[in-house]
Amino acid sequence: MSARLAGLRALLEREGLDGLLIAAPGEEGPGWASRAYLSGFTGSAGVLLVTRDAAVLAVDSRYWEQADVETAGRGVAVLRAQGPRSGWLRELVGNAGAAGKRIGVAPRDLTYAGFLALEAAVAEMPAGDRPELVPAAGLVEELRRVKDAEELALLEEAIRISDRAFERLARELAPGMTELEAADRFERYVREEGGSGVSFPSIVAGGPWSALPHAQPRAEGFAPGAPIVIDVGARFRGYCSDLTRTVVLGEPGARFREVYEVVRAAQLAAIEGVEPGMRASDAHELAHAVIRAAGYGEAFGHGLGHGVGLEIHEDPYLGPSSDHVLEAGMVFTIEPGIYLPGWGGVRIEDIVVLEDGKARVLSHAPKLTFEGSDA
């Protein structure tokens, strides 16, 4: 029995549930990451039912062989689903020993339309076989907050790929290159470095456009002396990386130097100060206090960071209203920023893991210095 399934079963007992159903309709849609985390299956459709004694994955004929390979050794049985949902769902419930049992459904992992279809299929089952479907939010996400050794190794490789791709791109940045061209080059370099693709649509924004934290790249060329925010990531075997660097072409002006140094000091304060047992909101305050003291408190409007794993944004969330508590083994970003409309923005982001009571920085892409070189 896998440690991940064992962890979920402990949570089922805690919550008074007989099982948990994860219905993931698409690779990038709800439920994909939790289903892959528990079963190893990475296909674009499938329903996983985990009970106290069994784990059964139902997939259609497109994925029979893939599911057999990817779930091998993980304690998951594969059901070769055929015909209408009402038929194979009854078989899935029976094989998992869930007939008439109390089964949790993760609201985040199922659309409303999908839940209605599930309810309709259950209603067609004989009365004695129908499981009771109840909301069960956040169980798998709770497990996924702390990364195991296998996950950490995959994350570190995804981070290495994005570091290398960024370094290649940074050497080629020049006045006149457009934001779209830079984003396209990064994606190509990710694949050349061994990634399966980018982990999210790249953010490349120059000049005043960089004051938008989630700006989309444009067909606009870079101008000398203006801030350029590059927020990018790579995906490797399902796991994501997330990296932000702010650069400038040519000699940086006094305002850029001032804002950049405040952001860099805020990030360093957070990296040095985060520790297991700390509230995520207090971690956010480590950086925000530095930015506030410099007079830019209102210009930092987002959270300090977020967890990274199979999804680019997952627990824990490090923001002023977060109730998460940091634990050893958590992997998350630290990404303070300052955004000034009409001028631009500065954001610096690294991924860290909490180990031995402190943060270990996993990202190693160079950061800007003011001696005319990157370090």
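**View 1. Lys147 and Glu314 meet in a salt bridge, their closest N and O atoms being 2.8 Å apart.** Welcome to the first close-up of this predicted model. The pair joins distant parts of the chain, 167 residues apart. Lys147 sits in the loop between helix H6 (139-144) and helix H7 (149-172), while Glu314 belongs to strand S14 (residues 314-318). Both partners are worth a look for their surroundings too: Lys147 is buried, and so is Glu314.

**View 2. Glu172 and Arg185 form a salt bridge at 2.8 Å, N to O.** Here helix H7 provides Glu172 and helix H8 (residues 179-192) provides Arg185, so the contact ties together parts that are 13 residues apart in sequence. Glu172 is partly exposed, with a relative accessible area of 32%. Arg185 also counts as partly exposed, at 27% relative accessibility.

**View 3. Arg188 and Glu192 pair up within helix H8.** In this salt bridge the closest N and O atoms are 3.9 Å apart, which falls inside the cut-off of within 4 Å. The two residues are 4 residues apart, about one turn of the helix. Arg188 is partly exposed at 42% relative accessibility, and Glu192 is partly exposed as well, with a relative accessible area of 46%.

**View 4. Six residues are joined into one salt-bridge network: Arg108, Glu141, Arg144, Lys147, Glu311 and Glu314.** The links arise from salt bridges that share partners. You will recognise the Lys147 and Glu314 salt bridge from the first view. For context, the structure holds 31 salt bridges.

**View 5. Arg9 is buried yet has no salt bridge.** Where is Arg9 placed? Its place is in helix H1 (residues 3-15). The nearest side chain of opposite charge, that of Asp53, is 6.6 Å away; a salt bridge would need a nitrogen-to-carboxyl-oxygen distance within 4 Å. What the side chain of Arg9 does have close at hand is backbone oxygen: a polar atom of this side chain lies 2.7 Å from the backbone oxygen of Thr51. The backbone oxygen of Arg52 lies 3.4 Å from a polar atom of the Arg9 side chain.

**View 6. Helix H9 (residues 254-273) packs against helix H10 (residues 280-293).** The axes of the two helices are 8 Å apart and make an angle of about 150°. That angle makes H9 roughly antiparallel to H10, because angles over 145 degrees count as such. If you follow how H9 passes H10, the crossing is right-handed.

Key
Residues are numbered from 1 along each chain as its sequence is written. This is a predicted model: local features need pLDDT of at least 70, side-chain atom pairs count only at pLDDT 80 or more; totals for chains, interfaces and linings use all residues. Side-chain values use heavy atoms; hydrogens and water are left out. Buried means under 20% relative accessible area, exposed over 50%, partly exposed in between (1.4 Å probe, protein chains only). Lys and Arg count as positive and Asp and Glu as negative; His and the chain ends are not counted. A polar contact is a pair of N or O atoms within 3.5 Å; within protein, one must be able to donate a hydrogen and the other to accept it, and residues adjacent in sequence count only if both atoms are side-chain atoms. Axes are lines fitted to C-alpha atoms, for helices over the stretch in contact, and angles run from 0 to 180 degrees between N-to-C directions. Angles under 35 degrees count as roughly parallel, over 145 as roughly antiparallel, 65 to 115 as roughly perpendicular and the rest as oblique. A crossing is left-handed if the near helix is turned anticlockwise from the far one by less than a right angle, and right-handed if clockwise.
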